[in-house]
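Visitor: I'd like a close look at the inside of this one, please. Take me through how it is packed, and don't skip the cut-offs.

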Amino acid sequence: MTTPAGRVFPAGFVWGVATSAYQIEGAAAADGKGPSIWDTFSHQPGHTRGGATGDIAVDHYHRYAEDVRLMAELGLPTYRFSTAWTRVVPTGSGPANPLGLDFYDRLVDELLAHHIEPYLTLFHYDLPQALQDAGGWPNRDTAYRFADYAHIMAERLGDRVTHWITHNEPLVTAFMGHLSGEHAPGIKDPTAAFQAGHHLLLSHGLAYAAIRGAAKRPPTIGITLNLTPIHPASDSEADAQAAARVDMLSNRLSLDPLLRGAYPPELQGLLELMLAGALHEGDLEIIRRLDWLGVNYYSRAVVRYDPDVAFVEAGPTRPVGHEYSQMWEIYPPGLYELLTRIWRDYAPSAEIVVAENGVPVPDGLDFDGRVRDERRIRYLRDHLAEVQRAVQAGVPVRGYFVWSLLDNFEWALGYGMRFGLIYVDYETLARTLKDSGRWYSRVIAANALPD
Ligand code: GCO
């Protein structure tokens, strides 16, 4: 059997799947784990759909060995997961909890025993509640506590873990956590949102240095950003400007400091106001430390001018005649647009990896026990074709991770959204490989898209 050259990925292309601690682990108070802001937030009424929490999630904490075996069956060469800060340092500062560290030690060993390379994310939204009580991300001190935690992790696991991710989607924490309030800690305060964003980026740079200082094997350290092409709803000048403003706050606000060492000059006035006292001399030098950039892509946004929306004066629209998933428009060319834009606008020395891509599909077990999630297969195939197009256009994309390995806790949306390559029965917690999982396994084995 031959594969047409255009369907083959570059040699050494990194294939993986991604998860995060609070979304899968459960065991919310086991073995000395402290509470995080997501434990608090999900337990307060009205924050999550159906009052869902991550108390049990998919019980990965107790079933990790089974989950690693499933990954091995899929032929996965890498696995991206996050560690829960409050397992390791229950109150966010002070001594480490040996039992929490032991869990990640066991997980890493289990992965390596199955020839699966860990990609370890240090922060995926679950800030220690004790640090929130002391001011959370809007408090500069939190950035230094994060670096201490990074040091502890690198000291313990840096002999076996090479690939590190400091933060997942810092602007989601900043804006959904501190402006819209849809995510923990549920704050609605623009100044807090911008200051949280700056301290998250600062803590990335501080953690970068901490990991380098403590890891025994030379690490590669990245950050993952949710990036979204922003398109205007019409040809009007007002819509074009609205799109540019949204782009500034959702994409350039993190890309520019990380890859250029400066905030977008167009935001100077706003940031002087919002970051008054928070932006210290030297911060931008610290932030600009990066070995690789993880691009999380799900969809584009189409916006129109709306003077009633604070700051951006722009609101979302849903173009008719397009395809939608349960959460967003399905728009594969957006991934090509994003990858080529990053390359064209920034030419980063940092490597580029697609660190999350996936789709919620309301799938379920058929009569014969199979999960026929054809829409997910189509989504993944169409997006991987766009990755290939970007590679052919000269963008050095090094890898691709599917969100997610398993169906899991989708934050404010609870368990309603299924993103997994593996189906989870939330009553029994039984795992069933979906058709998309089988399909992805073939892609990995061939390092190519099937015809
Ligand atoms: C995020 C996270 C994931 C989500 C996924 C689907 O993007 O918020 O990285 O935790 O589950 O993106 O929304």
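Guide: Let's start from the outside: the protein exposes about 17000 Å², with 53% of that supplied by carbon and sulfur atoms (Shrake-Rupley areas, 1.4 Å probe, only the protein chains shown counting as cover for residues). This is a predicted model, so local features need pLDDT of at least 70 and side-chain atom pairs count only at pLDDT 80 or more, while totals for chains, interfaces and linings use all residues. Residues are numbered from 1 along each chain as its sequence is written, and side-chain values use heavy atoms, leaving out hydrogens and water.

Now inward. Of the 451 residues, 59% count as buried (under 20% relative accessible area; exposed is over 50%, partly exposed in between, with a 1.4 Å probe and protein chains only). Among contacts with a separation of 6 or more, 76% join residues 24 or more positions apart; contact here means heavy atoms within 4.5 Å.

The main attraction is the largest nonpolar core, with 140 residues. By nonpolar core I mean buried Ala, Val, Leu, Ile, Met, Phe, Trp, Tyr and Cys residues joined through side-chain atoms within 4.5 Å. Tyr104, Trp164, Leu339, Tyr400 and Tyr440 have the most contacts inside this core. Helix H9, residues 190-214, gives the most to it, with ten residues (helices are DSSP runs of H or I, at least four residues, and strands are E runs of at least two, numbered from the N terminus). Apart from this core there is another, of five residues, including Ala143, Leu202, Leu206 and Ile286.

Zoom in on Tyr440: leaving aside residues up to four places away in sequence, Tyr440 touches Trp15, Gly16, Val17, Leu76, Tyr400, Val402 and Leu421.

Another spot worth a click is His383, in helix H14 (residues 374-392). His383 has a relative accessible area of 0%, so it is buried. With the same sequence neighbours left out, its partners are Tyr297, Tyr298, Ile330, Tyr331, Pro332, Leu335 and Asn357.

A couple of backbone oddities sit in loops. Tyr125, between strand E3 (117-123) and helix H6 (129-133), has a positive phi of about 80° without being a glycine, and counts as buried at 5% relative accessibility. Glu169, in the loop between strand E4 (163-168) and H8, isn't a glycine but has a positive phi of about 50°; at 8% relative accessibility, Glu169 counts as buried.
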